[in-house]
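Hi everyone, thanks for making time this morning. I'd like to walk you through a model, so please have a look at it first.

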Amino acid sequence: MATAVENIPAKFEVMDRPLGSEMTLSMGPQHPSTHGVLRLDLKLDGELVVNVVPDIGYLHTGMEKLFEYKKYQQGIVITDRMDYLNPLGNNLAYVMAAEKLLDLEIPERAQTIRVLMCELQRIASHMVWFGTSCLDMGAMTPFWFTFKEREKILNIIESASGGRMTPSYFRIGGLMMDLPAGFENRVRQFLDDFPDALNTFDTLITGNTIWQSRTKGIGVISKESAIDWGLTGPSLRGSGVELDLRRHNPYTGYETYDFDIPTETDGDVWSRFLVRMRELRESHKIVRQALERLKPGPIKADAPKAVLPDRDDMRKHMDSLIHHFLIVAEGFNVPPGEVYHAIEASKGELGVYMRSNGGPKPERVHFRGPSFVNLSALPVMAEGEMIADVVAIIGSLDIVLGEIDR
Amino acid sequence: MTERLHTYVDNLRSRNAEWVVSVSEGHGEVTVLVPADSIVDVCAFLRDEEGFDMLADLCGADRGPEEDPRFEVNYHLFSTTHYDRLRLKVLLSEDDARVRTVSSLWRTANWHERETYDLVGIKFEGHPDLRRILLPSDFDGHALRKDYPLRGYEPYSLN
């Protein structure tokens, strides 16, 4: 009997060396773990990835071309459709670029509401990232928990703007409208409940040995390499670079908020995961600070030629009516010039290059999407890993194809 | 803020006066117009000596078919150490819309240059893999050129 058992290992030798033969596998574009319609040309040696060539453009809708044919205020609704998990961030980058060209000064209340809404949106975006990246690796349960939290935020955004995925809440010069009655209580309720949800996520996933062994040491990118590839946001901070545009190129008054920039040094999937999980708590902190700062006041800049007047003013003042008519019918002229405005979106640096030739329509609008740049670095992280880890790496980059393809 | 940016331009000028054609300022940003054939040297100098270690963005633009030079390429440099931004601009004429690639300095330029080639039609010499990126490889024309119609040349059809 004993001799038979001893014979088995010789028969079933474990294969841990390359096969020496290559095979090409086309992953996507309908693969669920590619977060949209991304196709990867994988060159494989057994299960080892030799080479990855991402193929994008399946969702290309020519948005940058469309901007040139739309008035400045009409462009806002296009931005919603880029990174559809972080539409308020896209709105903010776009309107701030136009405001820079117009030299508008945004009132305090509008700034605070922008910060509040953007941080709520960041939490919602990270919730989708967390849920789907777990789902990609076979952990289905957290997905339902995260979408429950995201639903609460979408309801809050809907109550203010009327839209869930496409709010278009920020307008050039301020906001679409003021916050509705009861808004602050809704947010406060969410803030009170959210730490419990975070603790649940940590219990389910962060402290889970299967999760840790699937993510530690996978998809490593060094600090120098990450900067070279232009990684930004949590993906860069996971490689040990403390860079957050909210702190280092502050906008909408972020410099007055108290928050930390979480960083990790290993540069692997686990590091990027930890950075985002800590960021959730920082965003939670910022939302609470913004909520305490909310004071009554104007929500639109004092620029009647570019900012739509209040409905009430239009009924009482002739000039308001004229301005409203002109802005809607003809648009407003923006002084010639060019700007590049970058904000810290949930996925990294979202930059808008906008150029005006003096008319009501921009001459050129270019979006520097963080997903586009972060995805371009996928080959460095994925080469030499197993095919199942490619899925984990894509999840850790938190890409949205709507923004990559534009 | 812009004083610091002007120091970088001064350093650039003192290294080689021909590198800076003109400097313009607006909305707190500084734009340096650089001759097309020295863009790689200028970028290498700014990256190695002035700490602009990240290429935040690269985008092309069409100034219109009647303009000469017609095209431009904008390089948005960023630093992860001093957090300043600088824009370099290169002007290219329609008959010779080509510029040397900076993907040897920053690998992130690879996709940005492919996108610019795809949509504006500017060729980047020495690029390792200059293919279309967003549009299909058999696409006719360059969609972001001003003379390209919004709905394309052929009538839209689902067939």
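Let me start with the word "contact": two residues are in contact if their C-beta atoms, placed from the backbone, lie within 7 Å. With that in hand, 27 residues of chain B are in contact with 32 residues of chain A.

Before going further, a word on provenance: this is a predicted model, where local features need pLDDT of at least 70, side-chain atom pairs count only at pLDDT 80 or more, and totals for chains, interfaces and linings use all residues. Residues are numbered from 1 along each chain as its sequence is written, while chains are lettered from A and ligands numbered from 1 in the order in which they are written.

Back to the two chains. Helices (H or I, at least four residues) and strands (E, at least two) are DSSP runs, numbered from the N terminus. On the side of chain B that touches chain A, β3 (54–62), β4 (71–78), β5 (85–92) and α3 (109–119) of chain B each supply at least two residues. Which of the elements gives the most to that side? That is β3(B), with six residues. By type, this side of chain B has 14 nonpolar, seven polar and six charged residues. Here Ala, Val, Leu, Ile, Met, Phe, Trp, Tyr, Cys and Pro count as nonpolar, Asp, Glu, Lys and Arg as charged, and the others, Gly among them, as polar.

Now chain B by itself. It has three helices and seven strands, and from the N terminus on they run α-β-β-α-β-β-β-β-α-β. Along its principal axes, the C-alpha trace of chain B spans about 60 × 30 × 25 Å. Of the contacts in chain B between residues at least 6 apart in sequence, 51% join residues at least 24 apart.

How much of chain B is buried? A residue is buried if 20 or more other C-beta atoms lie within 10 Å of its own, exposed if 12 or fewer, and partly exposed in between. Buried residues make up 41% of the 159 residues in chain B.

One residue to click on is P128(B), in the segment after β7 (123–125) of chain B. P128(B) is exposed, because it has 11 other C-beta atoms within 10 Å. From P128(B) to K89(B) the C-alpha to C-alpha distance is 22 Å, with their positions 39 residues apart in sequence.

Finally, over in chain A, try A98(A): it touches Y72(A), I172(A), V334(A) and M354(A), not counting residues up to four places away in sequence.
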